[in-house]
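Subject: Structure handover and notes

Hello,

Here is the structure I said I would pass on. My notes follow it.

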Amino acid sequence: MKRIIIALGLMTTAAQAQDADLIARGEYLARAGDCVACHTVEGGAKFAGGYSIISNMGTIWSTNITPDKEHGIGNYSLEDFTKAVRQGVTPDGTHLYPAMPYPSYAKVTDEDMAAMYAYFMQGVEPVATDAPETALGFPFNMRFGMMFWNLAFRPSDVFTPNPDLTEEQNRGAYLVEGLGHCGACHTPRGIGMQEKGLDAGSDTFLAGSELNGWPVPGLRAGGEGLHGVQAWTEQDIADYLGMGRNRFAATGGEMKAVIQHSMNYMTDDDLHAIAAYLKTMPGEAAPSKPLDDTARVLTEATDLTEGQRLYLDNCNACHFVDGTGGPKVFPQLDGASVVTGDSPDGLIHTILAGAATPSTERAPSIMPMPGFADRLSDDQVAEIATFVRGAWTNDAAPVSAADVATVRKAAQAEAHAKAPEAAAAQH
């Protein structure tokens, strides 16, 4: 009898260890899927929802995905969970909007889906609160219409390794195309707001896009481009994803949250796998002009234009006369996508509101840039933006004071729209 009791105890211990391993694996995968970024408001309970996603259709509020049985997903079976994540359909038949990136999550394997389910049901604290209800205007409030959208645009197959890629590259492809849902922001959208490509089989996949006025750079890192991700090594890409900065750039906009909540928790092996995969896709080189004499003009500091003078007074201390900044400290402006994008809104927003790198385990220090909204007028911001968009090898269109005024107003409206999140976080 004693031997039986010992054996049962060992079996129980082994089962508990196996469950713990499965939950830990699910937590890692949920990090890779960046679930926390959209389902948690700053200062609020983890995964309790209430994060506002501002879209062309209106504001979409993220839901509570804690295991609370009344307010969250505590009553979901594994089948229910899988159907919601892969197909965007809840157990009661409600169709989710593709702000939830289920077209990418459709590629997640059964094994990984089971691990994430174990994590959300056993490793997440239940929260008994309701998130704000999404109420879009007609016709977008007719959720049943998503059935037809799904038929046209949602893939139905899980990830299949490409025999032409290495094991490392296929791991990167699985993370990028699936859980990482990189295409949700970095792939241009079609007339139905669908991603024009969902994998490397499409030339549009990760070719760059625009999000809420911000230029979103292409991630197709193969080729011989002199600027952007094509000029980065695999190590540069891994550094950026793991630290939020590398020797060329520092993160900003929506990507800051991705790195802060997701990418910086990933292993070095997975970050390098992502980089290796991105390097397999050839991209179109960003246009540039031959290097001009901006550095000399700024150094001599005589007969300066208004934009040049404002740059020296406000920007030069960190970004320098040659626009190269400081590796892993101050981002490079010469060739930066936020500077040279077709839309100047991201650059204008950064000048007005400032920016700060996330604090990560690999790079715990926060490198802030102050905002100049209270210091510079619309005309002055336009002068600086116009200058940097045409300096060095940059060759982008000028910026007007009206452009700045529009971004300033939108930034104020965005802060106002997000006020309910701050209120919800206090309760």
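Leaving aside its neighbours within four places in sequence, which residues is Met193 in contact with? The contacts are Asn56 and Trp149. Please keep in mind throughout that this is a predicted model.

Some context for Met193. The residue sits in the loop that runs between helix H8 (183-186) and strand S3 (209-211). Its relative accessibility is 43%, so Met193 counts as partly exposed. Asn56 is 137 residues away from Met193 in sequence, yet the C-alpha to C-alpha distance is 9.6 Å.

Strands S1 and S2

Strand S1 covers residues 52-55 and strand S2 covers residues 58-61; the two run antiparallel and are joined by four bridges. The connection between S1 and S2 is a hairpin of two residues. Within this pairing, Ile53 has Ile60 in S2 as its bridge partner.

Cysteines

How many disulfides does the structure hold? The number is zero. A disulfide would need two cysteine sulfur atoms within 2.5 Å. For Cys182, the closest cysteine sulfur is that of Cys185, at 8.9 Å, so the pair is too far apart for a bond. For Cys318, the closest cysteine sulfur belongs to Cys315, at 8.8 Å, which is also too far for a bond. As for accessibility, Cys182 is buried, with a relative accessible area of 19%, whereas Cys318 is partly exposed at 29%. The cut-off for buried is under 20%, so the 19% of Cys182 falls within it.

Backbone: positive phi

Two residues that are not glycines have a positive phi: His181, at about 35 degrees, and Trp392, at about 60 degrees. His181 lies in the loop between helix H7 (167-179) and H8. With 16% relative accessibility, His181 counts as buried. Trp392 is found in the loop between helix H17 (378-390) and helix H18 (401-417), and is buried as well, with a relative accessible area of 1%. A glycine with a positive phi can be added to these: Gly88, near 70 degrees, which follows helix H3.

Helix H3

Helix H3 spans residues 78-87, and its buried residues are Phe81, Thr82, Ala84, Val85 and Arg86. What do the buried residues of H3 pack against? They pack against helix H4 (102-105) and helix H5 (110-122).

Helices H16 and H17

Helix H16 (residues 345-353) packs with H17 at an angle of about 130 degrees, and the axes are 10 Å apart. That angle makes H16 oblique to H17; angles over 145 degrees would count as roughly antiparallel. The crossing of the two helices is right-handed. On the H16 side, the residues that meet H17 are Leu347, Ile348, Ile351 and Leu352. On the H17 side, their counterparts are Val381, Ile384, Ala385, Val388 and Arg389. The loop that holds Trp392 comes after H17, between H17 and H18.

Regards

Notes. Residues numbered from 1 in each chain as written. Predicted model: local features only at pLDDT ≥ 70, side-chain atom pairs only at ≥ 80, totals over all residues. Heavy atoms only, no water. Buried < 20%, exposed > 50% of the residue type's maximum accessible area, 1.4 Å probe, protein only. Pairing = 2+ DSSP bridges. Contact = heavy atoms within 4.5 Å. Axes fitted to C-alpha atoms, helices over the stretch in contact; angles between N-to-C directions. Parallel < 35°, antiparallel > 145°, perpendicular 65-115°, else oblique. Left-handed = near helix turned anticlockwise from the far one by under 90°.
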